[in-house]
Amino acid sequence: MRWADGFIGVDWGTTNRRGYLIDSAGRCTREFEDAKGVLSVPAGGFPDAVAEIRQRLGDQPLLLAGMIGSNRGWVEAPYVSCPADMEKLVGGLVRPGDREAIVPGASYVDGDRADVMRGEEVQILGAVAAGMVDPGALVCHPGTHNKWVVLRKGQIQSFRTVMTGELFSLLKEHSILADLLKGEVAVNDAFRSAARYAIYHEALPAELFSVRARVLLGQARKEDAASYTSGILIGTDVRIGLSLPTGAQVVVMGKPELTRLYAAAIAEATRDAIELDGEQCFLAGIREIAKRI
């Protein structure tokens, strides 16, 4: 069996999954997305969930990445250690069956620091393989858990995770700020001002409370509270990421609605950033892995 003759690539996360039918020319000819992430699959239910993907996209080999390879997924694919490259990912593939392969995640350990990723490594190394990013770039990959990734000679040398997206979600649902955070987040003056302040000051817990106080005392509009809060969190995130020991090109990779927020915050730190669509990077990565199997 030659994977490059055609296969289904699946980006299977915690809450969502996306499937892509890739033909022998490397073109994506059909795709789907649904909310059947790994946490929605009942115990023993993964064979049926996998069969459903084939029913929707065709009877092809499956190349699966993301949380499907975690201890909450179908079959665990152990992490490969940094420095990590495509060769390591291919060497760490786990095969639940003759026509399925699961991509491993990546891990980083340095003294007391430890970090892991699943799914982002396919996008990042795919972008490297496709020439979309400099092999020595600093990659920012926003999401529920943002990743700051240092590349060296096209390898993932090290990375750090910041729980920015999850923190915003928790504040929106379970904090005293919840009633102020229902609006849309936009790159406006409130967002830029908050991001700029957070980049240059270490005052996150205090600034979060000030969101409410500023509105109560008429110093800010309630409509701007979500953007201001997002700016505080993302600015703090950017402060952490840009403290990594590299002056390399900054690439922000992921969903466009998130990359534009991070690119705007990075601009407040007087750094330029290139934005890349994470879906296109995933397709580049999954094709590259299929070529090497």
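Before anything else, a definition: two strands are said to pair if DSSP finds at least two bridges between them. Please keep that in mind as we go through this structure, which is a predicted model.

Let me start with strand S1, residues 6-12, and its partner strand S2, residues 17-23, which pair in the antiparallel sense over seven bridges. To take one bridge as an example, Gly-9 has Tyr-20 in S2 as its partner. Between S1 and S2 there are four residues, and the two strands together form a hairpin. S1 also has a parallel neighbour, strand S4, residues 62-66, to which it is joined by five bridges, and here Ile-8 is the residue that stands opposite Leu-62. For those new to the topic, strands of a sheet pair through backbone hydrogen bonds, either parallel or antiparallel.

Is S1 enclosed, and which way do its side chains go, or rather, which residues of S1 point one way and which the other way? Gly-6, Ile-8, Val-10 and Trp-12 point one way, whereas Phe-7, Gly-9 and Asp-11 point the other way, and all of these are buried. Because seven of the seven residues of S1 are buried, the strand is largely enclosed by the rest of the structure.Moving along the chain, we come to an open sheet of three strands in the order S5-S8-S9, whose pairing is mixed. The strands at its edges are S5, residues 80-81, and S9, residues 113-117, each of which pairs on one side only. Strand S8, residues 106-110, pairs with S9 in the antiparallel sense over five bridges, and within that pairing Val-109 has Ala-114 as its bridge partner.

Next is helix H3, residues 120-129, which is mostly covered, since nine of its 10 residues are buried. Among the buried residues are Glu-120, Glu-121 and Gln-123, as well as Val-122, Ile-124 and Leu-125. Just after H3, Gly-131 takes a positive phi of about 75°.

The other open sheet I want to show has five strands, in the order S12-S11-S10-S13-S14, and its pairing is mixed. Strand S12, residues 155-162, and strand S14, residues 273-277, stand at the edges with a single partner strand each, so one side of each is left without a neighbour in the sheet. On average, and with direction ignored, neighbouring strands of this sheet are turned by 25° against each other. Within the sheet, strand S11, residues 146-152, pairs with S12 in the antiparallel sense over seven bridges, and Trp-148 stands opposite Arg-160 in S12.

Turning to the surface, Met-163, Leu-167 and Leu-170 make a nonpolar patch of about 260 Å². Leu-170 lies in helix H4, which covers residues 164-174. Why is Leu-170 called partly exposed? Its relative accessible area is 42%, and the term partly exposed applies because that class lies between buried, under 20%, and exposed, over 50%.

Finally, consider helix H8, residues 256-268, where we can check a simple expectation: at 1.5 Å a residue, its 13 residues should span 18 Å, and the end C-alpha atoms are 19 Å apart, which agrees. The buried residues of H8 include Thr-259, Leu-261, Tyr-262 and Glu-268. Just after H8, Thr-270 takes a positive phi of about 60°.

Terms used
Residues numbered from 1 in each chain as written. Predicted model: local features only at pLDDT ≥ 70, side-chain atom pairs only at ≥ 80, totals over all residues. Heavy atoms only, no water. Patch = residues over 30% accessible without salt bridge, like charges linked within 9 Å, V, L, I, M, F, W, Y side chains within 5 Å. Areas by Shrake-Rupley, 256 points an atom, 1.4 Å probe, with all protein chains shown as cover. Salt bridge = Lys/Arg side-chain N within 4 Å of Asp/Glu carboxyl O. Buried < 20%, exposed > 50% of the residue type's maximum accessible area, 1.4 Å probe, protein only. Expected span 1.5 Å × (residues − 1). Axes fitted to C-alpha atoms, helices over the stretch in contact; angles between N-to-C directions.
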